[in-house]
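Please find below a colleague's note, arranged as numbered points. Each point may be read alongside the sequence and the structure.

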Amino acid sequence: MNRSQTVSLLLASGLTAIMPATALADANGQNATNALDALVISASRNQARADQTPQKTTVITRQQLQQQLAITNDPGQVLSNLIPSYSPGRQKLSNAGETFRGRSALFLVDGVPQSNPLRDSARDSYTIDLSMVERIEVIHGASAEHGLGATGGIINFVTRKPEGGRVNQSLSASVTTDDGVDSDGQGYRLNYRVSGQRGDWEYLAGATLQERGVFYDGRDEIVGIAYPGEVQNSSSYDLLAKVGYWLDDDQNIEFFVNRFELEGNGDYVPVQGDRANGVPTTARRGNPDGDAGYNEVMTARLSYTHDDWLGNRVDSQLYSQTFRAQFGTTPYFPYLDSNDQPQLDQTRNESDKLGGKFTLARDGLLEDRLTLTTGLDLLQDETRQMLVETGRTYVPKSRFRNLALFLQGDLEVTRGLTLHAGARHERAKLKVDTYSTIDRSNVTQDKVTVDGGNPDFDETLLNAGVVYQINDWAQVYGNYSEGFGMPDVGRVLRGISEPGQDVDSLLQLQPIVTDNREVGTRFNWDRYRLEISYYESDSDYGERLTEVDGVWVGNREKTEIKGAEVTAEADLNDAHALALSYTYASGKSDTDGDGSVDTKLTGINIAPETVKLRWSAQWSQVLSSQLQLSHYRDRNVDGDNLDFDGYSLVDGAVTYRSGLGRLSLGIENLLDEDYITYYSQAARASDDYYFTGRGRTLTLGYQLDF
């Protein structure tokens, strides 16, 4: 079958997106290809044509990543800047409240899930350094393509590939400072990468080391320290290795391992704010109680591909991940030391995953009109949450096993009309032994005993889509898809306060099945491109987080979310390009259980109405620049104290390239806007979490490839 005529699948076959033409520029800034004609090959499963996906998709290219990394290396900020309908970044180690279309995103690294299905640590975007990433592939809306977790969409970090030639090396360094050039606000970043090919072997190795200072806001005050974990005043490193071997022209084996660690330096303590009087939380030098919070993640993957096994394409991988997330001390877990003195405790999440993905794709059926893809996914996750100082169990050890079979078909009905349909059957079992919950009012004993159990779930998830090419420059599409996810099981298990309950009978452990309906249109007029999409996302048993006595509680409620996304691009000439996006979302939940949604979702779920504008310019063969504006509009929640006063942020970067390397200067928050972050205003009413955003910050970077 001619691949240019293939109708590629979405849910079962891999991640594809429309790649902006501005991202496909050559060294002179000229567009190398037309956006809708671009064929993007996913690293995870199969191929798909960007102009035939019945769901909105996005690809963040390496060039776009470099432009953003010249300004900021915070993953939440980068994703928010480049992905429509992704919430404003929190600028913290936790990405809780950073939602995607109002729901959870499934983060992947080369197809390996980073999200923890049993106890959400809200740190799954901080498991790899972005210097190790080649591109980021995004599917908007609920998807079962990679199994559970993608109720809002999929974000896949595709790691760097070995370059051709015997030895290729890259060395980069950058320094970052606040605009007052305070010594404690300075940091640095070093990265080295080597790759090459030798015969049938190919290899890549990389290392990144980063030291971060404290953050200063627009008032030149230190941004407040968060109890759960911080990126400011922290150290991190990333070590990546990849080795591949070609058995023949069609078969490849690859082993990949990545070790990422980020740990706070523990040099500052929070100074509580006063939300009611508009006084933000700040920080001062001091020795915090307990150990600093950290992320420690080890991901390994062994993959095998065969491009022509009896006429089929085979993709398979085995993977493992060890995930440790330690949180700072909180006042919610006191204990008495050996001298009967009250002390504060802290928690640590421990999650170990093993899994496998196996895919078989066959095209060329029905006279080159039909493609079928089938496969099997396996996952085992063991998770617990401990209290570090006392060894008490906060969330009992839980084991989750998941098996899924899928079949996807894609049919080219006519030259302009393509149909997509498929099904995925999920079988999952949870095992929890009998345990006792923590008693926070009396640390000498536990509160209630909960009988263990083995609840299991069966879900069949369907998807169907259509793409119709009206003419050479206009296209419409529609899609229905279902996503499957677990509620935050650990949050449910640790919060049981009524005696006599057992794990098997807890309604809250039922899975979250999200129905996503979407219609959209794409226009491509050579130098101008426009995409408009409207979506509705419903779940009968969604999960709405609420804060009770300083602790997040998951309420299982019916939720309905709807929204619109508009993206536009204009290549004004060969040197100047504009990109514009507009997103709007609203949502409600059924808080009284009468079957009708009645309460607006707050900022912990819904992002504000957002307008983003980016201008890229190639002034000469060696000099380029980028200027971007993000405007977040006011948002009000009826009868709630989580209203949002909007703000606007401007970032900029200038890059100079020569034979001696690439020199860049990036400025985050160019106008030094003084603002309270979206999460602090609209997601959580707390004096401890009333944070300002980062003020004007400068980053000077240098990179040499040799």
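**Notes on the predicted model**

1. Helix α1, which spans residues 62-69, is mostly covered, since six of its eight residues are buried. The buried residues are Arg62, Gln64, Leu65, Gln66, Gln68 and Leu69. As a general point, an α-helix has 3.6 residues a turn, so residues three or four places apart point the same way. Please note that this structure is a predicted model, and the remarks that follow should be read accordingly.

2. The loop between α1 and α2 contains Thr72. Thr72 is classed as buried because its relative accessible area is 7%, and buried means under 20%. A polar atom of the Thr72 side chain lies 3.2 Å from the backbone nitrogen of Asp74.

3. Two residues deserve attention for their backbone angles. Gln91 is not a glycine, yet its phi is positive, at about 65°. Gln91 sits in the loop between α2 (75-82) and β4 (105-109), and its relative accessible area of 6% makes it buried. Asp110, also a residue other than glycine, has a positive phi near 50°.

4. Where is Asp110 found, and is it buried or exposed? Asp110 belongs to the loop between β4 and β5 (112-113), and it counts as buried, at 2% relative accessibility. Asp110 also takes part in a network of salt bridges with Lys242, Glu254 and Arg301.

5. How many salt bridges does a search of the whole structure find? The search finds 36. One pair to examine is Asp315 and Arg313, whose side chains meet in a salt bridge with an N to O distance of 3.0 Å. Asp315 is buried, with a relative accessible area of 8%, whereas Arg313 is partly exposed, with a value of 22%.

6. A further salt bridge joins Arg324 to Asp352, with their closest N and O atoms 3.4 Å apart. Arg324 lies in strand β16 (residues 312-326) and Asp352 in strand β19 (residues 347-364), so this pair ties together parts that are 28 residues apart in sequence. Asp352 is partly exposed, its relative accessible area being 32%.

7. Strand β19 also holds Glu350, which is paired with Arg384 of strand β20 (residues 370-387). These two residues form a salt bridge in which the closest N and O atoms are 2.8 Å apart. The pair links distant parts of the chain, 34 residues apart. Which of the two partners is buried, and which is partly exposed? Glu350 is buried, with a relative accessible area of 11%, while Arg384 is partly exposed, at 33%.

8. The last point concerns charge at the surface. Asp634, Asp638, Asp640, Asp643 and Asp645 form a negative surface patch. Asp634, one of these residues, is found in the loop between β33 (623-632) and β34 (647-658). Why does Asp634 count as exposed? Its relative accessibility is 54%, and the class of exposed residues begins over 50%, so Asp634 falls within that class.

Notes: Residues numbered from 1 in each chain as written. Predicted model: local features only at pLDDT ≥ 70, side-chain atom pairs only at ≥ 80, totals over all residues. Heavy atoms only, no water. Patch = residues over 30% accessible without salt bridge, like charges linked within 9 Å, V, L, I, M, F, W, Y side chains within 5 Å. Areas by Shrake-Rupley, 256 points an atom, 1.4 Å probe, with all protein chains shown as cover. Salt bridge = Lys/Arg side-chain N within 4 Å of Asp/Glu carboxyl O. Lys, Arg positive; Asp, Glu negative; His and termini not counted. Charge placed at Lys NZ, Arg CZ, Asp CG, Glu CD. Helix = DSSP H or I, 4+ residues; strand = E, 2+ residues; numbered from the N terminus. Buried < 20%, exposed > 50% of the residue type's maximum accessible area, 1.4 Å probe, protein only. Polar contact = N/O pair within 3.5 Å; in protein donor to acceptor, adjacent residues only side chain to side chain.
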